[in-house]
Every structure is written in structure tokens, then in C-alpha cells.
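Visitor: I would like to look around a protein and ask how each label is earned. Can we start with the picture?

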Amino acid sequence: MITFEGKLILLDIEGTVSPLAFVHDVMFPYARQHAGTYLAMHWNTALISQLARDADVPSFASPAEAEAAVHRLMEADAKVTGLKQLQGMIWEEGFRNGELRSRIFDDVPLALAGWCQKGREIRIYSSGSVQAQKLFFAHTKRGDLTTHFTGYYDTTTGSKRESASYRAIAADCDLPAEQILFISDVVEELNAARNAGMFTALAVRPGNKPAPQHDHPAIQSFDELRLH
């Protein structure tokens, strides 16, 4: 059990709000399966140029070459802007046509509602694009949860393992960093957030990888967070 007296809760998604298995076993394969079609549809656009930069090449000769590069980036779990934009576009159609429905942990909906009732702001910081984050929470198996959130951040803010990213988020929220609690399943992200002055908590969820040695308070459910 941990206690937080601040004003804003900043949440990671993968391994914190949603099972790792949903992202890795459902969303990523869906994006990989449909990447070729979307690349062909958006050829000669800024997205393709960004993907070339992500892949560290001057340009692509064909959609097939771009698709191969996207697959390599996905296999490397690259946190790069063009890839995340492409995935977000693919997931958007999947969510809208009903092929995708987000899985979240059972404690999440009630916790979000309770935090809002107590006057806390809730925002999201994920490596997935802001577009993908909004779609994820708008199409969950527990309904549309987007009304609970007042902001979203992605890799355009900066790396989740860099303290500067969390200072930028605090500035955008117009809050001192010590008024923000960041919850994630990744110790390196929590270290960066704490170095920026935020409070932190490690999400220990079913299916998560064992965490390396750390000194962050750990919670297995959002029910273990007490607000004062």
C-alpha cells in the first residue's frame, strides 16, 4: 500500500494498465500483418520519409523495402516516431472496424473513476503514439475510458528513460514534479522520473518480466494506492 498526496497520476500502458501479452501477442502482430498495405497506401508521404530516418537510410526504393525495414524496427522493439505513427494508423482501423478491443486489468476502470472523483488529474505517457493511446482507451472491453484522462504523451516528448522527458511533462502540466506520481513496470523509466522529482511506483502485474534490483515502492493493483 502506498499513499500519494499530489495532484496528478501519470500512467504507462503496457504492463501497467494492460497486460504485456495483449500488446505483444495481439496489437504488434496485427500491425505487422497490415504494414505492407498501409505503406503502399501512404507512399510518397511524410510518414515514409520519417520511417527512412528511423531505419537510418536515405530513402526506400519500394513499399516492399519499407515493409522489410518496418519489420526490422518492430523486431528490435524500436521506440521511434515513424514506426509508432504507422502502428497507430493501422490500429485505428482495427479498433474502428471492431477487429481490436483493448484488454485492461480488472482494477483499472474503478480506480480511474475513483481518482477522478477525488479531484486527481490522470495522464498517459507511453511509447505508442498519442493517436494510438486515445484509440486504445476509447475501445476497451470495459468501454470508452478516455473521459478520465486530461493529457497524453509519447516519444515526441522524449525518451521514457530520460529525466528531461519527465521535466517537460511536469512543465506542460504546470505542476511541480513532486505533485506527480508516475506508475510503470520499467525500473529505468521510474529512475528517470524520480530523478526529475516525481514520485514513482512499480507496477507488478501478471505476465510482467521480473524487475531488476530497485528501491521504488511496488503495487500489484491500483487498489493499493491511497490518495490523501
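Guide: First, three classes of residue. Ala, Val, Leu, Ile, Met, Phe, Trp, Tyr, Cys and Pro count as nonpolar. Asp, Glu, Lys and Arg count as charged, and the others count as polar. Keep in mind that this is a predicted model.

Visitor: Which residues line the largest cavity?

Guide: The lining is Phe 28, Met 74, Asp 77, Ala 78, Leu 83, Lys 84 and Gln 87. Helix α4, residues 81-96, gives the largest share, three residues.

Visitor: How do the residues of that lining divide into nonpolar, polar and charged?

Guide: Set the names against the classes. Phe, Met, Ala and Leu are on the nonpolar list. Asp and Lys are on the charged list, and Gln falls among the others. The lining therefore divides into four nonpolar, one polar and two charged residues.

Visitor: What makes a space a cavity and not a pocket?

Guide: In a cavity, a 1.4 Å probe fits but cannot get out, whereas a pocket is open. A search of the whole structure finds one cavity of 30 Å³ or more. About 30 Å³ of space lies in the largest cavity.

Visitor: And how much space lies in the largest pocket?

Guide: About 790 Å³. The pocket is lined by 34 residues, and the closest to its centre are Glu 14, Asp 77, Lys 79, Val 186 and Glu 189. Four elements give two or more residues to this lining: α1, α4, α6 (130-138) and α8 (187-195). α1 gives the most, with five residues. By class, the pocket lining has 13 nonpolar, 10 polar and 11 charged residues.

Visitor: Why is Ala 35 called buried?

Guide: Buried means under 20% relative accessible area. Ala 35 has 0%, so Ala 35 counts as buried. Its place is in helix α1. Leaving out residues up to four places away in sequence, Ala 35 touches Val 70, Leu 86 and Ile 90. Ala 35 and Val 70 are 35 residues apart in sequence, but 7.7 Å apart in space, C-alpha to C-alpha.

Visitor: Why does Thr 155 count as buried?

Guide: Its relative accessibility is 18%, which is under the 20% limit, so Thr 155 counts as buried. Thr 155 is found in a loop, between β4 (151-153) and α7 (163-173). Beyond its neighbours within four places in sequence, Thr 155 is in contact with Lys 79, Thr 81, Ser 126 and Ser 127.

Visitor: What makes a set of residues a nonpolar core?

Guide: The residues must be buried, be of the listed nonpolar kinds, and be joined through side-chain atoms within 4.5 Å. In soluble globular proteins, nonpolar side chains tend to be buried together. Here the largest core has 57 residues, and those with the most contacts inside it are Leu 11, Trp 115 and Ile 183. Helix α1, residues 20-41, gives the largest share of this core, nine residues. A second, separate core has 19 residues, including Tyr 125 and Leu 190.

Visitor: Which residues of helix α2 are buried?

Guide: In α2, residues 46-54, they are Leu 47, Ile 48, Gln 50, Leu 51, Ala 52 and Asp 54. These buried residues pack against α1, α3 (63-75) and α4.

Visitor: How do you know that Lys 79 forms a salt bridge with Asp 77?

Guide: The rule asks for a side-chain nitrogen of Lys or Arg within 4 Å of a carboxyl oxygen of Asp or Glu. For Lys 79 and Asp 77, the closest N and O atoms are 3.3 Å apart, so the pair passes. Lys 79 has a relative accessible area of 43%, so it is partly exposed. Asp 77 is also partly exposed, at 34%.

Visitor: Which side chains meet in a salt bridge at 4.0 Å, N to O?

Guide: Those of Asp 106 and Arg 142. The two sit in different loops, Asp 106 between α4 and α5 (108-117), Arg 142 between α6 and β4, 36 residues apart.

Visitor: Why is Asp 106 called exposed?

Guide: Exposed means over 50%. Asp 106 has 64%, so the label fits. Arg 142 has 45%, which makes it partly exposed.

Visitor: Which residues do salt bridges with shared partners join into one network?

Guide: Asp 12, Lys 160 and Glu 189. The side chains of Lys 160 and Glu 189 meet at 3.4 Å, N to O, and both residues are buried. In total, the rule gives 10 salt bridges.

Methods
Residues are numbered from 1 along each chain as its sequence is written. This is a predicted model: local features need pLDDT of at least 70, side-chain atom pairs count only at pLDDT 80 or more; totals for chains, interfaces and linings use all residues. Side-chain values use heavy atoms; hydrogens and water are left out. On a 1 Å grid over the protein atoms alone, a cavity is a set of points where a 1.4 Å probe fits but cannot get out, and a pocket is an open set with protein on both sides within 12 Å along at least five of seven lines; lining residues have an atom within 4 Å of a point. Grid points are joined across faces, edges and corners, and a volume is the space filled by probe spheres set on the points. Buried means under 20% relative accessible area, exposed over 50%, partly exposed in between (1.4 Å probe, protein chains only). Contact means heavy atoms within 4.5 Å.
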